[in-house]
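This report looks at charged side chains and how they are paired or left unpaired.

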Amino acid sequence: MNEHLMAIAQDISTMKIRGAGRIAVAAADALRITALESSATTYDSFVGEIKTASKYLVGMRPTAVSLPNAVRYVLWRGINEDMTSIEPTRLAVIAAAEEFISNAKDALRLIGDFGAKRLLSGDKILTVCNSNAAIEIIKHAHRDGKDLEVFAMETRPRYQGRITAKVLAEEGIKVNLIIDSAARYFMRDMDHFITGTDAITANGAVVNKIGTAMAALAAHEARVRVMVAAETYKFHPETIIGELVEIEERPYDEVVSDDAREDLGPVSIRNPVFDITPSEYIDVIVTERGIIPPQASFFLLTELFGWRLTGRDPWE
Ligand code: RUB
């Protein structure tokens, strides 16, 4: 397999590249590089190489549907079974990957623009983890001259909330870093809870970093609005035919040191890294196509994927 592709896949697996949007863009780029550098001499061996690379990539992290969706985008547009010559196929795969990457960038800008309209000067905002899409909304509102204050949940065990806090503070936004369990304590002062997502299901449930569901529940109880920022490639096509979203569980050493592990003896340490927020706790989903209620997810999914929903994955 292409060594650059393998390096990108490794970075996704070890979370050097993380966050659903960045994972998707990296996967599209990995396929672009594979197509560009392929030394295949026949159409069949070229397509075989792209499919093997695709299958390998989608196995790197199980929850972020952005990863298989990015790969689907490239394969559906790049590989046309009626085409039998290698060079046009190579160019089509490269063009599709470039198009995905460019669309992803545009989507972030539009999400920032649409979401920012819902924020008012003086608003206090709770965030979780580190989401480019959520950050884009906050940054956009700040650049529009709105005075905001952010409370960033640190997001144990990997502390992605620190990245969010730093990025927003660098923009000149007032930021407080809080421990995850302080979310409810501060909730009464919040105007919005803004989060990104790794996957949105057909019934409008939002899968995101562990702790999101707890914060959304607290927001619901306190009548604080919950806004989800999501490019449309975060919608999960297979949930429409009943598939469940697999929740990734990562190793214990993200939670405790080896010494603490030993000290705990037979205690098992669980580290699920995503959870599911039901649609009842979500007010709006901000996409590049506009703002929708979570209940509209089914319709958006059918529009996005149509007949392809029950088809075979293009890497099979
Ligand atoms: C990242 C995470 C982010 C979403 C959305 O988890 O849960 O909130 O991926 O991010 P991890 P974005 O750090 O385990 O990848 O809006 O940037 O796609």
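A salt bridge is taken here as a side-chain nitrogen of Lys or Arg within 4 Å of a carboxyl oxygen of Asp or Glu. By this rule the count comes to 19 salt bridges. The model is predicted, so local features need pLDDT of at least 70 and side-chain atom pairs count only at pLDDT 80 or more, whereas totals for chains, interfaces and linings use all residues. Residues are numbered from 1 along each chain as its sequence is written, and side-chain values use heavy atoms, with hydrogens and water left out.

Three of these pairs link distant parts of the chain, as tabulated below.

| Salt bridge | N to O distance | Separation in sequence |
|---|---|---|
| Arg72 and Glu238 | 2.8 Å | 166 residues |
| Glu171 and Arg143 | 2.8 Å | 28 residues |
| Arg184 and Glu221 | 2.8 Å | 37 residues |

Arg72 counts as buried (under 20% relative accessible area, with exposed over 50% and partly exposed in between, for a 1.4 Å probe and protein chains only), because its relative accessibility is 3%. Arg143, at 55%, is exposed, while Glu171, at 24%, is partly exposed. A network of salt bridges also links Arg61, Arg158, Glu248, Arg250 and Glu254.

Asp275 is buried yet has no salt bridge, the nearest side chain of opposite charge being Lys209, 9.3 Å away; in this reckoning Lys and Arg count as positive and Asp and Glu as negative, with His and the chain ends not counted. The side chain of Asp275 does, however, reach the backbone nitrogen of Gly211 at 2.8 Å.

How values were computed
Polar contact = N/O pair within 3.5 Å; in protein donor to acceptor, adjacent residues only side chain to side chain. Helix = DSSP H or I, 4+ residues; strand = E, 2+ residues; numbered from the N terminus.
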